[in-house]
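I opened this model to look up its charged pairs, its ring pairs and a few backbone angles. My entries follow in the order I made them.

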Amino acid sequence: MVSSVSRREAAAEEWLLLFFLFSAAGWVWETLFSVLTTGQWVNRGMLHGPWLPVYGFGGAVIAAVLERLDRRWAAPLAGAVLGGGVEYGTALLLEWRFQRRWWDYAGWTGNLQGRVCLASLAGFALAGWVLYGLTPAVRRALARMPPPVRTALCRGISLAFALDWSWSLLRPNMGPGITS
């Protein structure tokens, strides 16, 4: 029988891996969007690695709230509100810390100070619906992963992420197509 401590540790590892999965999915989305709209590959975000923590944190927050709500009809609304809030807050934090913008929706319909817009909120609404449907299955798959493998994966990715984060605080990823 598994102790309550190891259940909590397993759950924490699952959520950490979800954060990294959502961060990587966001990076793939942003990179593909850049290629399709500009024809150029751009490594988006302030970090240098293949992850965007705003997607990781936003996805984890949305998934956690939806797990508690357990209401399919609330998924798009929760996705839009929570995702939009995370995006707006992250934009403020990055602008304060680095005096730069990593995204600007100033020309987009329904934008709020260029930090969020109706199109991004619609994307977060869709993400809420997708997360509502997929997160339980992904969590079950992560729970079936052998604990030593899951722990090693968490530690390895966390180390790479921490190194990237540390370097990026000193030298953030900036330039054409990334910051304005």
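**Entry 1: a buried charge pair.** I started at R150, which is buried because its relative accessible area is 5%. Buried here means under 20% relative accessible area, exposed means over 50%, and partly exposed lies in between (1.4 Å probe, protein chains only). The model is predicted: local features need pLDDT of at least 70, side-chain atom pairs count only at pLDDT 80 or more, and totals for chains, interfaces and linings use all residues. Residues are numbered from 1 along each chain as its sequence is written, and side-chain values use heavy atoms, with hydrogens and water left out.

I then asked which residue forms a salt bridge with R150. The partner is E13, with the closest N and O atoms 2.9 Å apart. A salt bridge needs a side-chain nitrogen of Lys or Arg within 4 Å of a carboxyl oxygen of Asp or Glu. The pair links distant parts of the chain: E13 sits in helix α1, R150 in helix α5, and 137 residues separate them. Helices are DSSP runs (H or I, at least four residues), and they are numbered from the N terminus.

E13 is buried too, because its relative accessibility is 15%. The E13 side chain also makes a polar contact with the side chain of T151, at 2.7 Å. For that term I used a pair of N or O atoms within 3.5 Å; within protein, one must be able to donate a hydrogen and the other to accept it, and residues adjacent in sequence count only if both atoms are side-chain atoms.

**Entry 2: the other salt bridges.** How many salt bridges are there by this rule? I get eight. E95 takes part in two entries of my list. R101 bridges to E95, the closest N and O atoms being 3.3 Å apart. R115 bridges to E95 as well, at 2.7 Å. R115 is in the loop between α3 (75-98) and α4, while E95 is in helix α3, so this pair ties together parts that are 20 residues apart in sequence. I checked burial next. R115 is buried at 10%. R101 is buried at 19%. E95 is buried at 16%. Elsewhere, salt bridges with shared partners join E14, E67, R68 and R139 into one network.

**Entry 3: aromatic rings.** A pair of aromatic rings is described by the distance of the centres and the angle of the planes. Rings of Phe, Tyr and Trp (its six-membered ring) pair if their centres lie within 6.5 Å; planes under 30 degrees apart are stacked, over 60 edge-to-face, and the rest tilted. The count comes to ten aromatic pairs. One of them is W29 with F33: centres 5.8 Å apart, planes at 35°, so it is tilted. W29 and F33 are four residues apart in helix α1 (residues 4-38), so about one helical turn separates them. F33 is partly exposed, because its relative accessibility is 36%.

I looked at F98 and W102 next. Their centres are 5.5 Å apart and their planes stand at 70°, so this pair is edge-to-face. Are F98 and W102 buried or exposed? Both are buried. I also noted a cluster: ring pairs link F19, F20, W51, F161 and W165.

**Entry 4: helix α2.** Helix α2 covers residues 53-69, which is 17 residues. From first C-alpha to last it reaches 24 Å, close to the expected 24 Å. That expected span is 1.5 Å times one less than the number of residues. Its buried residues are P53, G56, G58, G59, A60, I62, A63 and L66.

**Entry 5: positive phi.** Most residues other than glycine have a negative phi. Which residue takes a positive phi just after α2? It is D70, at about 50°. Q99 has a phi near 55°, and Q113 also has a phi near 55°. Q99 lies in the loop between α3 and α4, as does Q113. Q99 is exposed, because its relative accessibility is 61%. Q113 is partly exposed, because its value is 47%.

**Entry 6: the chain end segment.** I closed with P176, in the segment after α5 (147-170). P176 is exposed, because its relative accessibility is 78%. The C-alpha atoms of P176 and A10 are 41 Å apart, with their positions 166 residues apart along the chain.

Notes
Helix = DSSP H or I, 4+ residues; strand = E, 2+ residues; numbered from the N terminus.
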